[in-house]
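Good morning, and thank you for coming. Please have the sequence and the model open while I speak.

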Amino acid sequence: MLSLHPRPFTLSFGGAAVFAMATVASSFAIRWVIDNVVLPRFDGGPNGAPGDGSVDTRTVAIGVAMIIGIGLVRAVGVVFRRAYASEGMWRVAETYTNQVVDRLVRQPVAWHRRHPDGDLVARAGVDTESTVSVIAPIPFASSTVLMIFVSTVWLFLTDIPLGIVALVVFPLVVVTNVVYERAVSEHYTRAQTQLGEFSAGVHESFEGVQLVKAYGAETRETDRLAVLADRVRASRVEAVARRSWFDALTDMIPALANIALVLLGAIRVESGDLTVGEFSSVIFLFTLLVLPLRLIGYALSELPRSMAAWDRIQAVVNEPVEPDPDSAIGRPAHGIGVHLDAVQFRHESSSDRTLVDIDLELAAGTITALVGPTGSGKSTLADLALGLISPTDGTVSLAPGARAIVFQEAFLVAGTVRDNVAFGSDVDDDAIWTALHLAAADDFVRDLPDALATVVGERGISLSGGQRQRVALARALVRTPAVLVLDDTTSALDPSTEAVILERLRTTLDATVLLIASRPSTIALADDVVFLAGGRIAGHGSHDELLDTVAEYREIVEAFEADRAGAS
């Protein structure tokens, strides 16, 4: 992670090194001031030597200059360490977020259908923050390592027995950190994975909030999410419980070391092997090291959680981008809009083929109704005709130009009508009004308070179902597509409005329209009909021809009519 943005981290580590050396130097300054200013003032001379208790002004000035100067150097080191560590941390977070989002954008539709949206959002957000959380304390922790090394050398030069104490204490702290990291990594990895599952569950629940409310399933959803949340909590509690022992140890070891140093130092001062200034500087240095030692512990305690999140990010970033189905699409002969030749398709999660031996040719500029029972492969065939997925076998050829789909559930963003129709395309208002007219939506949009500038609310909540479908249809039409798929798009419209829309598409739009339909009146308006059954084309012709020649088609149309009659 540090290598992604080396400059800020180099400056941060440089500031940390300055801070470390200045911290050790401050203990030397304390020793010098005690031995040359404090003791002579109270005892009459250095180390108790006879004197009048006065201290030379120059000596006092040197002591003051040393303490203030070293303090200022430490402050500069702290500023560089903190400022550039924070800058580097958020640059790394930005890099990882961009990498994840870029990979999500580049993956085709088929890949996204295999991965929960909430989990992917968590990897770009929560996982990124967890990954970089370990970076900020790293420069401080590195300065602590430098301080430990320099302090140990300094203690040995000051007094060998005190140096031996340091030589025992510092490795003990490091070993404690390593044992802790290994003990909790499994729990943090599990917790991070479960957090992704929980995020996916929450995303799914809020996506279907209207369904949940309509069926009174609030309690069920609450219980379901409670189970997912409890799994995260259990793993986190187990990790935090182990961390609490680790925190206690990182507090206890330096404290016990200080006690040992006080006892040993008192003996050494009493024997004359150590001056009061040297003894005070050792205790002062160890006191200054308590917080940095805890920083090493904090960095290592964050490491398991950071590693778990980093692994989840890398799983997305390093996963190869699947081939774009659009790259394998051919160009049909002139006058042909859609051509499927010996196409077969099987989902990765299934051993059975969804589509079998599909040979289909649709003339450009025609409207074809796609009819079949549930599970017959209509949506899969539509996805192939749009180039959203690749066939398992066979070839797909589509007329050059834009392609668009309008889903049965119209999705509108929380913006204006203009935003929803343009949807990122560089089109002017005239083109938008033309598309709205083709979708029979221009009249009701003109009646809205601000026409095209009217805010429709999240998911178009301020519009009716039929209005949302027509705005979504206009969004597809403004792109003047060569191939247009309508996935039962007109189901919320009355038959007369539906007939107007299809007639306008036929006479105005030079596009091949594939219409997934279940309403007999809709099917009858199409130029021809493709009847799917069991993943195969069981019939292809006009509506009347199929009624006369395909018994299964006649039965399903009659079932549609009976269902409509019963509903009315």
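I shall begin with Asn 420, which lies in helix H12, the run of residues 417–422. Please bear in mind that this is a predicted model.

Is Asn 420 buried or exposed? Its relative accessibility is 0%, and because buried means under 20% relative accessible area, Asn 420 counts as buried. What does its side chain reach? The partner is the backbone oxygen of Thr 416, at 2.9 Å. If we set aside the neighbours within four places in sequence, Asn 420 is in contact with Leu 412, Val 413, Gly 415, Val 456, Val 471 and Arg 475.

Let me set beside this a residue from another helix. Ala 65 belongs to helix H2, residues 57–106. Its relative accessible area is 48%, and since the partly exposed class lies between 20% and 50%, Ala 65 is partly exposed. In sequence, Ala 65 and Ala 29 are 36 residues apart; in space, their C-alpha atoms are 9.6 Å apart.

I turn now to the nonpolar cores. The largest of them has 52 residues. Which members touch the most others? They are Leu 436, Leu 477, Leu 484 and Tyr 553. Helix H15, residues 465–477, supplies the largest share of this core, with 6 residues. A second core, separate from that one, has 24 residues, among them Ile 329, Leu 362, Val 485 and Ile 516.

Leu 436 deserves a word of its own. Not counting residues up to four places away in sequence, Leu 436 touches Val 421, Ala 441, Asp 442, Val 445, Leu 452 and Ala 474.

My last topic is the sheet. It is an open sheet of 6 strands with mixed pairing, and the strand order reads E5-E6-E7-E3-E8-E9. Which strands form the edges? They are strand E5, at 403–406, and strand E9, at 536–541, each of which pairs on one side only. From one strand to the next, the twist averages 20°.

Within this sheet, I would draw your attention to one pairing. Strand E3, residues 367–371, and strand E8, residues 528–533, run parallel and are joined by 4 bridges. On this pairing, Leu 370 stands opposite Val 530 in E8.

To close, I return to two residues: Asn 420 is buried, at 0% relative accessibility, whereas Ala 65 is partly exposed, at 48%. Thank you; I welcome your questions.

Conventions: Residues are numbered from 1 along each chain as its sequence is written. This is a predicted model: local features need pLDDT of at least 70, side-chain atom pairs count only at pLDDT 80 or more; totals for chains, interfaces and linings use all residues. Side-chain values use heavy atoms; hydrogens and water are left out. A nonpolar core is a set of buried Ala, Val, Leu, Ile, Met, Phe, Trp, Tyr and Cys residues joined through side-chain atoms within 4.5 Å. Buried means under 20% relative accessible area, exposed over 50%, partly exposed in between (1.4 Å probe, protein chains only). Helices (H or I, at least four residues) and strands (E, at least two) are DSSP runs, numbered from the N terminus. Contact means heavy atoms within 4.5 Å. Two strands pair if DSSP finds at least two bridges between them. Axes are lines fitted to C-alpha atoms, for helices over the stretch in contact, and angles run from 0 to 180 degrees between N-to-C directions. A polar contact is a pair of N or O atoms within 3.5 Å; within protein, one must be able to donate a hydrogen and the other to accept it, and residues adjacent in sequence count only if both atoms are side-chain atoms.
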